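Me: Got a minute to go through this structure with me? I'd like to talk about charges, cysteines and backbone oddities.

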Amino acid sequence: MATITVTVNGKSHTSDVEPRTLLVHYLREQLNLTGTHIGCDTSQCGACVVMVNGASVKSCTMLAVQADGAEVTTIEGLARDGQLHPLQEGFWECHGLQCGYCTPGMIMAAYDLLQHNPAPTDDEVRHGLEGNLCRCTGYHNIVRAVQYAAAKMRGEQVTV
Amino acid sequence: MRRCSRTACSVSVPFLKNETMCERRKEAVTQNGSEFRYLGKGHRLVEGLEKVTGSAKYAGDLVLPGMLHARPVLSPYAHARITAIDVSAAQAMSGVVAVLTADDLPTRDRAVNSRHSAVLAKERVLFRGQPVVVVVGETEAAAQDAADQVVIEYEPLPPVVDVIRAAAPDAPVIWPNGLPKEGMDLTAAHAAVDKREQETAGAPSNIHDEAHYARGDVKRGFADADVVIERVYRTPMVHQGYLEPHASVAEPDPYRGSVTVYTSTQGQFGVRDEVARLLSLPKHRVRVVPMTIGGGFGAKYGIIDPLTAAVAVTVKRPVRLVLTRTEDFLSTTPSPAAIVELKVGARADGALTALQARVLMDNGVFPFTLGGIVSILLGGYYKCPNLQIDCYEVLTHKPQGGAYRAPGAPTATFAIESTIDDIARALGRDPLEFRLQNAAETGDPMGNNDPWPHMGLNLVLERLRDHPAWKEREAGPNEGIGIAVGGWPCGMSPAASVCRVDTDGTVRVHVGSVDISGVNSSLVLVAAEILSVPPEQVELIQGDTRSGPFAGPSGGSQTTYSVAGAVANAARAVREKLFQVAADHFEASAADLELRDGIVSVKGFPDKAAPIGELAAIAEGRAGGPGPIVAEGGAAVSENAPGFVAHLAKVHVDPDTGQVTLKQYVAVQDVGFALNPTMVIGQIHGGSVQGIGWGMYEAMVYDEYGQLLTASFMDYNLPAFDQVPDIEAVLVENRSPHGPFGARGIGEPPITAGAAAIANAVRAATGVRVTEIPIRAEMLWRAMREAQA
């Protein structure tokens, strides 16, 4: 066992973990943050994307011990003071989700994208999220959802 | 939790084409002469808040006190005899609670004749990935460590992998003594289509079923033809590719001898029945609770639940089993591969004269019959007086086939729509007008000679004809535009619902159907419309097998079509009761009452008015009244409402590499009436991209030993974000005569036409006719080179 201290969604956790434990398993099984999902074994699907020290990471590609000392944000930490993040609002308003299984990872990946590119074109959204799979929506409304959030985060009037 | 309906109502507007919206508004002025307030207008997903905040609970998120974890050990061979199983090393590892084989489970005496009943293998393994042993541990990691230490000795046997060889008279027979009798028919669960197959009599064979359909005289039909095109089409085994792998948690009650299964399923009652049968329990001792489902598309009808339940009952503690992606690819029920030999003839005036087909379905090691549906569609899109379709269902040493969104339709559609396109070309006809000339109409025979119920194939073609993407079509160098139609008979099933009103005015609607992608968001609008309350005031409660009123499985595009009528009838019965209470309270005649904005009032007397919550309170306190405001409603629709589409694809083909790029996609669909257009359009987007997956990307590939070469998302190409364009959804609202408010089944039709539309676009771009999907660059490049030579 190894002891790690990780700040997750603003809260510090000191935990004993097996050195082989993946970050996604630590979040889900030990911290009970089950909003981060597992859709594959090979880091293709992106359902497990979280932010680690400000950058998006597929949490199945990283060991929990590597997150020692890190700041982690999961989907559960995105809404503040009961207010949905513009991305959460956008996915809901624009029907950018159906079964919802890919949604948390998709939102976290989009969060990273908009940090780097606050005004992406539709093609840039598609390219920026190509590491996340969705089987339900055909991606069309996810592009709209991200554009909704981008506009709102730029302080523009959002009309849907 | 749920917010302002105004915002939500406007959500879908910018994503609709103006003409669509206008038409819907026009259509919405209807029944009772007034426009609907809520139905027909976009409303966001009712459980969206849970899903965007990560608080929705999927089966694999569930943690129960004392819960253990199961890990399966899968067969590495497609066909082998199990000669020894040594579990001692696994058993001795720390954190291991039990290592179980088939003989240890209460399912041990059941016949193994389907994927469901193949809980753990006995004596022989019959496909790569068949579960043989299950390890139960305190943690998933401990169970997996021990699973790796289980030693199983096999004597490999020759597998029958190739479907043509398997169907040959001299092939080794997979079930020489016939298949043990027991089990449930997945096809029947999926679509309300009569099957005319007959059990094959005579010598043992790998052909487990045949179906033969005929009308007229095909010989004479071909003799009358001026153009005859004969080809062999191949479609691959395709996986449903839901993002959430199969997951299930079972909790036993050893004192009552019962078990509760929390699972990711599309059909809770069917799972309940099958778990009960396999565990030899009465049905009332099995409770199935459908959790939020992370996609199903036809695959989630209880594949792992019998195993989870059997293990939990055996170890007497709650057990969770979540498949890995690779296990899911290996051990579930993908859509069968098929070979379609198709010959079609037409006269110079464009009339089809004959259609003949031989269909070979590769169903894996247990029977699964899709040939009937393939035949119905293959011979059903177009009027043709002479027809003969012979369909053979073949067994091979691969996992059993299963349903995948409009099962059989992409195969049938790829074949018939490729051929029809070339006949139009050979006759020098416009491909859309040629289709319109021959399009089947209500009452025309399907491939099995049953008449089509009310349908609108010609309407979707006419809409596409008038769409700028077709009307003003322009293809640049190496570009091509292709079209294809597709259809689905759509299922139906009797269903019931309970509706009640609480004293704060909250309307609760109970159903036993499973919401696999938005039906609940339409059902709330039905109750809101009838009781004239904002949709936010309606709570949809999805019951389990103990608490939910019956509904059929969520497959075959039947759920909204079947359940919405039950919800409507329950809400109407509630309205009656409210009127009864109000009439009594205001000393008025029920005929003088009206219900508007959730308030019942006496017409012309504005002071004589009460909100429905207040009436509920009055009803709950009044002796001798009608009792609390609760009512049930049922519906048993009497006829299917087929859904047809016309899709357009524009592609660019790189002449040096054969790489196909999809540039534009238009999906026209007859949806009957879109109860909640936001949900309907979402289904069209998603289904269309799955159809594109059939055409361009997806295939499960097995080698000659029956080993799956594409058992992860690294090798299995699920369409990705940057591999597909926007999907333009165009709604045609051709109301069904029997569906609730004219609705039709809408989930399945959008997947049907993609492969064919893309193949026809590739033909237009390159002059090359592709007869096998997915259309891969290398294959197309070779075909282009051959055509040049």
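Reply: Sure, here is a walk through those topics.

Reply: Before we start, this is a predicted model, where local features need pLDDT of at least 70, side-chain atom pairs count only at pLDDT 80 or more, and totals for chains, interfaces and linings use all residues. Residues are numbered from 1 along each chain as its sequence is written, chains are lettered from A and ligands numbered from 1 in the order in which they are written, and side-chain values use heavy atoms, with hydrogens and water left out.

Me: OK, salt bridges. How many over all chains?

Reply: The count comes to 43 over all chains, taking a salt bridge as a side-chain nitrogen of Lys or Arg within 4 Å of a carboxyl oxygen of Asp or Glu.

Me: Which residue does B:Arg231 meet in a salt bridge?

Reply: B:Asp422, at 2.6 Å from N to O. The pair links distant parts of the chain, 191 residues apart: B:Arg231 is in strand β11 (residues 227-235) of chain B and B:Asp422 is in helix α13 (residues 409-426) of chain B. Helices (H or I, at least four residues) and strands (E, at least two) are DSSP runs, numbered from the N terminus.

Me: And are B:Arg231 and B:Asp422 buried or exposed?

Reply: Both B:Arg231 and B:Asp422 are buried. Buried means under 20% relative accessible area, exposed means over 50%, and partly exposed is in between (1.4 Å probe, protein chains only).

Me: Which residues are linked in a network of salt bridges with B:Arg231?

Reply: The network takes in B:Arg231, B:Glu417, B:Asp421, B:Asp422, B:Arg425, B:Arg435, B:Arg763 and B:Arg769.

Me: What about B:Arg744, which residue does it form a salt bridge with?

Reply: B:Asp670, with the closest N and O atoms 3.2 Å apart. Here too the pair links distant parts of the chain, 74 residues apart, with B:Arg744 in the loop between β29 (728-732) and α21 (749-752) of chain B and B:Asp670 in strand β28 (residues 660-670) of chain B. Both B:Arg744 and B:Asp670 are buried.

Me: How about B:Arg347, what does it form a salt bridge with?

Reply: With B:Asp349, where the closest N and O atoms are 3.0 Å apart. B:Arg347 has a relative accessible area of 36%, so it counts as partly exposed. B:Asp349 is partly exposed as well, at 45% relative accessibility.

Me: Switching to cysteines. How many disulfides over all chains?

Reply: Zero over all chains, where a disulfide is a pair of cysteine sulfur atoms within 2.5 Å. A:Cys45 is in no disulfide, and the nearest cysteine sulfur, that of A:Cys40, is 3.8 Å away. A:Cys45 is buried, with a relative accessible area of 2%.

Me: And B:Cys490, where is the nearest cysteine sulfur?

Reply: That of A:Cys136 is 18 Å away, and B:Cys490 is in no disulfide. B:Cys490 is buried because its relative accessible area is 1%.

Me: Backbone next. Where is the cis peptide bond at B:Pro774?

Reply: It joins B:Ile773 and B:Pro774, with omega about 0°. B:Pro774 is in the loop between α22 (754-766) and α23 (777-788) of chain B.

Me: What is the phi of B:Asn478?

Reply: About 60°, a positive value although B:Asn478 is not a glycine. B:Asn478 is in the loop between α16 (468-471) and β19 (479-488) of chain B, and B:Asn478 is partly exposed at 34% relative accessible area.
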